[in-house]
Amino acid sequence: MSDNGHQQNGHENVPSRQRRRFEGISSRTYEHPADRSALVALRKLSGFDTVFKALSGLLPERSLRLLFLSDSVRVSDAQFAHLNTMLRDACHILDLEKVPPMYVAQDPQPNAMCIGLDEPIIVVTTGLVELLDEEEMRAVVGHEVGHALSGHAVYRTILLFLTNLALRVAWIPLGNIAIMAIVTALREWFRKSELSADRAGLLVGQDLKASMRGLMKLAGGNHLHEMNVDAFLEQAEEYEAGGDLRDSVLKILNTLPRTHPFTTVRAAELKKWAESRDYQRIMDGHYPRRTEDKETSVSDSFRQSAASYATDVKNSKDPLMKLVSDIAGGAGDLGGRVRRGFGGFAGGTPKDQTAPNDQTAPEDRTSPKDQPPRDSTPEDDD
């Protein structure tokens with residue numbers, strides 16, 4: 001491996017330590033069940049790759065490649081050498097034969113992405129490079145290489161295209177609805193693919209603390225001395241379990257326009273996976289190989305995805321998910337549960353009293369400054 005503990009371009013490498021290499025690893029190893037089922041189904045479609053490559057003329061891929069080539073810095077032994085070393089290491093660990101081109105783009109916003117139909121390219125911003133330390137950045141590079149190995153770059157590029165198309169046909173009522181329905185479904189898949197890539201980043205960095213630090217920095221900036229991993233994870237638990245059914249609905253509305261899970265949620269999901277038996281088995285060398293991908297059953301993958309969603313609902317502490325689980329389990333007094341769950345709309349009125357006649361909608365009683373900010377960059381990768 002390439003960790004030599006020396007200074008390189010102003011970056012101090014971590015002390016040398018051996019990282020496990022996963023020879024012939026299949027992306028199914030780290031993919032979230034919902035992500036994996038979609039990918040397995042798409043890979044089984046005859047001529048799927050050919051069709052999407054034929055669409056490349058309609059997509060802005062060539063333009064993007066020329067843009068990054070002309071207005072960004074391509075990573076190499078001569079430019080951002082420490083990133084080039086991390087990129088080669090990540091491809092070696094995940095056994096990705098062809099190292100994708102990588103660019104550093106001038107942008108103070110911390111971000112990274114992997115796009116492309118024919119060949120994936122990785123782009124990281126200067127804001128991200130300046131924010132993260134060596135091990136945190138290694139996890140991000142592994143995250144993007146995981147996207148490349150899974151083939152996420154293809155679907156991400158299509159999502160960008162469809163999002164732009166939806167804006168262009170917004171004046172056509174039915175056309176816009178149809179496109180946005182597809183975009184919404186793609187965003188749900190993409191949120192799960194981000195959880196997959198976070199796992200790939202952990203397999204590359206093999207340092208959970210570094211992965212946690214990186215996610216905290218994406219949420220709170222370069223102030224680690226002011227942040228605490230345990231407290232950060234407590235936020236994720238409070239987010240999931242807090243509030244009533246009204247808050248559950250707001251969570252859904254806040255999530256729908258995003259392509260990424262919220263940062264605290266990503267941290268909690270990654271920690272849970274790192275503590276699972278599946279992760280330990282991978283680290284012990286027991287994982288699916290790429291040579292077995294063609295034998296993968298689509299129906300089995302969908303069953304695993306459905307089981308994963310069912311488990312999430314059953315174990316969730318979210319008020320709405322608990323209600324759904326209780327309904328599925330045959331719990332009684334559904335009407336009363338719903339009324340109590342939406343008690344916030346009635347100002348907390350006890351169930352045996354009548355709420356006062358209030359003509360003001362709940363959202364009208366909340367000032368704009370109390371509303372969570374909208375995700376202005378739904379296509380961001382990290």
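Two residues are in contact here when their heavy atoms lie within 4.5 Å of each other. With that in hand, we can start from a single serine in this predicted model. S193 sits in helix 8, which covers residues 173-205. Once neighbours within four places in sequence are set aside, S193 is in contact with D35, H147 and H152. Is S193 buried or exposed? Its relative accessible area is 0%, so S193 is buried.

Let us step back for the overall picture. The protein chain has 382 residues, and 43% of them count as buried. Its secondary structure comprises 16 helices and 6 strands. Take the contacts between residues at least 6 apart in sequence: 73% of these join residues at least 24 apart. On the outside, the chain exposes about 20,300 Å², with carbon and sulfur atoms supplying 54% of that area.

Helix 4 is a good element to visit next. This helix runs over residues 81-93, and its 13 residues should span 18 Å at 1.5 Å a residue; the end C-alpha atoms are indeed 18 Å apart, so expectation and model agree. Helix 4 is mostly covered, with 11 of its 13 residues buried. Among the buried ones are A81, H82, L83 and N84 at the start of the list, and D89, A90, C91 and I93 further along. Just after the helix, D95 takes a positive phi of about 55 degrees.

R88, also in helix 4, brings us to the charged pairs. R88 forms a salt bridge with D77, and the closest N and O atoms are 3.0 Å apart. D77 belongs to the loop between strand 3 (73-74) and helix 4, and the two partners are 11 residues apart. How do the two ends differ in exposure? D77 counts as exposed because its relative accessibility is 60%, while R88, at 38%, counts as partly exposed.

C91 of helix 4 raises another question: how many disulfides does the structure hold? The count is 0. A disulfide is a covalent bond between the sulfur atoms of two cysteines. For C91, the closest cysteine sulfur is that of C114, at 9.9 Å, and this is too far for a bond. The reverse holds as well, since the closest cysteine sulfur to C114 is in C91. The cut-off that settles the matter is 2.5 Å between the sulfur atoms. Both cysteines are covered: C91 counts as buried because its relative accessibility is 2%, and C114 counts as buried at 2% too.

Back to the salt bridges, of which a search of the whole structure finds 12. One of them joins K217 to E136, with the closest N and O atoms 2.8 Å apart. This pair links distant parts of the chain: K217 is in helix 9 (residues 208-220) and E136 is in helix 6 (residues 134-150), 81 residues apart. K217 and E136 are both buried. Another bridge pairs K271 with E275, where the closest N and O atoms are 2.5 Å apart. K271 counts as partly exposed because its relative accessibility is 28%, whereas E275 counts as exposed at 56%. Beyond these pairs, salt bridges that share partners join R19, D89, E135 and R138 into one network. D89 will be familiar as one of the buried residues of helix 4.

Our next stop is W273, in helix 12 (residues 263-274). Why does W273 count as buried? Its relative accessible area is 6%, and the limit for buried is under 20%. Which residues does W273 touch, leaving aside its neighbours within four places in sequence? Its contacts are T29, Y30, R199, L202, L203, D278, Y279 and I282. L202 is 71 residues away along the chain, yet the C-alpha atoms of W273 and L202 are separated by 10.0 Å.

We can finish on the surface. V249, L250, I252, L253 and L256 make a nonpolar surface patch of about 400 Å². One of these residues, L253, has its place in helix 11, which runs over residues 245-255.

Technical notes:
Residues numbered from 1 in each chain as written. Predicted model: local features only at pLDDT ≥ 70, side-chain atom pairs only at ≥ 80, totals over all residues. Heavy atoms only, no water. Patch = residues over 30% accessible without salt bridge, like charges linked within 9 Å, V, L, I, M, F, W, Y side chains within 5 Å. Areas by Shrake-Rupley, 256 points an atom, 1.4 Å probe, with all protein chains shown as cover. Salt bridge = Lys/Arg side-chain N within 4 Å of Asp/Glu carboxyl O. Helix = DSSP H or I, 4+ residues; strand = E, 2+ residues; numbered from the N terminus. Buried < 20%, exposed > 50% of the residue type's maximum accessible area, 1.4 Å probe, protein only. Expected span 1.5 Å × (residues − 1).
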